[in-house]
Amino acid sequence: MEEVPLRFEGRPARLRAQGAKGRTVLFAHPFPLDGTCWDEFLPGCAALGLRAAAVDAPGFGGTPPLGRPCTMDDLARLLAAALDALGARTAALVGCSMGGYALMAFWRLFPERMERAGLLCTQPGADTPEAKQKREQQARAALQDGPEAVTAPLAERMVAKGSPLVGRVRELARGATAQGIAEALLGMAQRPDSTPDLPHWQARSLVLCGEQDQLIPRAACESLARIPGSRQALIAGAGHLAFLEKPAEVLGELRWVLS
């Protein structure tokens, strides 16, 4: 695994890559994990002849927080900076949950740079007033009581009910700082409705949903199928983190969009 030098808004950011230089796939992680959650996917994609990379969002893993709400446009600009660091003008992008929101912002800002897209367990809609209020409450809890005030209860809802992976999810969330959690929550609350953009997408796209997702209703996830020519996939027995629960099945679906 190679550590690729990257700076974003004057700060270092963590970007890791595997595989020979060439066609690139860049992974955007879900909240509240970091780029190490894709460790099973980078070698799998490298074996397909791709340069596979994952970046840590501000306040997660090896990237320091911004010191202000981290909007999805900020994450899109981080992804663009990561592509520059990788020497890739265009790439396939794969994002789960918050990472999917970042991809939708990336499409608005840099459509010419997105060749293909994998939208995993995410949705195009904006937060309801109630959802925004809950995110603001969670942000305050993280700052007042520490990261685990948010990450510990969330871990059980990020996988299918009864999943043995709850402990692993909590471990993967240990790289989240209280500031990073608060900034990401406030940034997600500000995101616009991306639904009107979907009919204009030109990137070959995969829409993947977890059958037992406890965080995003299946109908909301499946509404991304408005992207012209998109392929839909439902991962049986998987929750919100389908790529962690059923990695072989998800990688198999990603082969369609990456081929």
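**Entry 1: strands 7 and 8**

I looked up Val94 and found its bridge partner in strand 8: Gly118. I keep in mind that this is a predicted model. I then took the whole strand pair. Strand 7 covers residues 91-96 and strand 8 covers residues 114-120. They pair in the parallel sense, over six bridges.

Next I checked helix 3, residues 98-109. Helix 3 packs on the sheet and touches strand 5, strand 7 and strand 8. Its direction makes about 140 degrees with that of strand 7.

**Entry 2: the sheet**

I traced the strand order. The sheet is open, has eight strands and reads 1-4-6-5-7-8-9-10, with mixed pairing. Which strands stand at the edges? They are strand 1 (2-3) and strand 10 (231-235). Each has a single partner strand, so one side of each is left without a neighbour in the sheet.

I followed strand 1 inward. It pairs with strand 4 in the antiparallel sense, over two bridges. Glu2 stands opposite Ala17 in strand 4. Strand 4 and strand 6 also run antiparallel, and four bridges join them. There I noted Leu15 opposite Val55 in strand 6.

I then asked what lies across strand 4 (15-18), strand 5 (24-28), strand 6 (51-55) and strand 7. The answer is helix 2, residues 72-86. Helix 2 runs at about 145 degrees to strand 5.

**Entry 3: helix 4 against helix 7**

I compared the two axes. They come within 8 Å and cross at roughly 170 degrees. That angle is over 145 degrees, so helix 4 is roughly antiparallel to helix 7.

I listed the contact residues. Helix 4 brings Lys132, Arg135, Glu136, Gln138, Ala139, Ala142 and Leu143. Helix 7 brings Ala178, Gln179, Ile181, Ala182, Leu185, Leu186, Met188 and Ala189. By class I get 10 nonpolar, two polar and three charged residues in this contact.

**Entry 4: the largest pocket**

I turned to empty space. The largest pocket holds about 500 Å³. Its lining has 20 residues. Which of them lie nearest its centre? I found Tyr101, Asp127, Ala131, Arg135 and Leu215. Arg135 also appears in the contact of helix 4 with helix 7.

I sorted the lining by element. Helix 4 (129-145), helix 5 (148-157) and helix 7 (178-189) each supply at least two residues. Helix 4 gives the most, with four. By class, the lining divides into 10 nonpolar, five polar and five charged residues.

**Entry 5: the cavities**

I searched the whole structure for cavities of 30 Å³ or more and found two.

The largest cavity has about 70 Å³ of space. Its lining is Ala28, His29, Val55, Asp56, Ala57, Leu75, Leu78, Leu79, Met98, Gly99 and Ala102. Helix 2 and helix 3 are the elements that give two or more residues to this lining. Val55 is the residue I had met opposite Leu15. The class count is eight nonpolar, two polar and one charged.

The second largest cavity has a volume of about 50 Å³. I listed its lining as Met72, Tyr101, Met104, Ala105, Arg108, Gln123, Pro124, Arg191, Pro192 and Ser194. Which element gives the most to it? Helix 3 does, with four residues. By class I count six nonpolar, two polar and two charged residues. Tyr101 lines this cavity, and Tyr101 is also among the residues nearest the centre of the largest pocket.

Definitions and conventions
Residues numbered from 1 in each chain as written. Predicted model: local features only at pLDDT ≥ 70, side-chain atom pairs only at ≥ 80, totals over all residues. Heavy atoms only, no water. 1 Å grid on protein atoms, 1.4 Å probe; cavity = no way out; pocket = protein on both sides within 12 Å on 5 of 7 lines; lining within 4 Å. Points joined across faces, edges and corners; volume = space filled by probe spheres on them. Nonpolar A, V, L, I, M, F, W, Y, C, P; charged D, E, K, R; others polar. Pairing = 2+ DSSP bridges. Contact = heavy atoms within 4.5 Å. Axes fitted to C-alpha atoms, helices over the stretch in contact; angles between N-to-C directions. Parallel < 35°, antiparallel > 145°, perpendicular 65-115°, else oblique.
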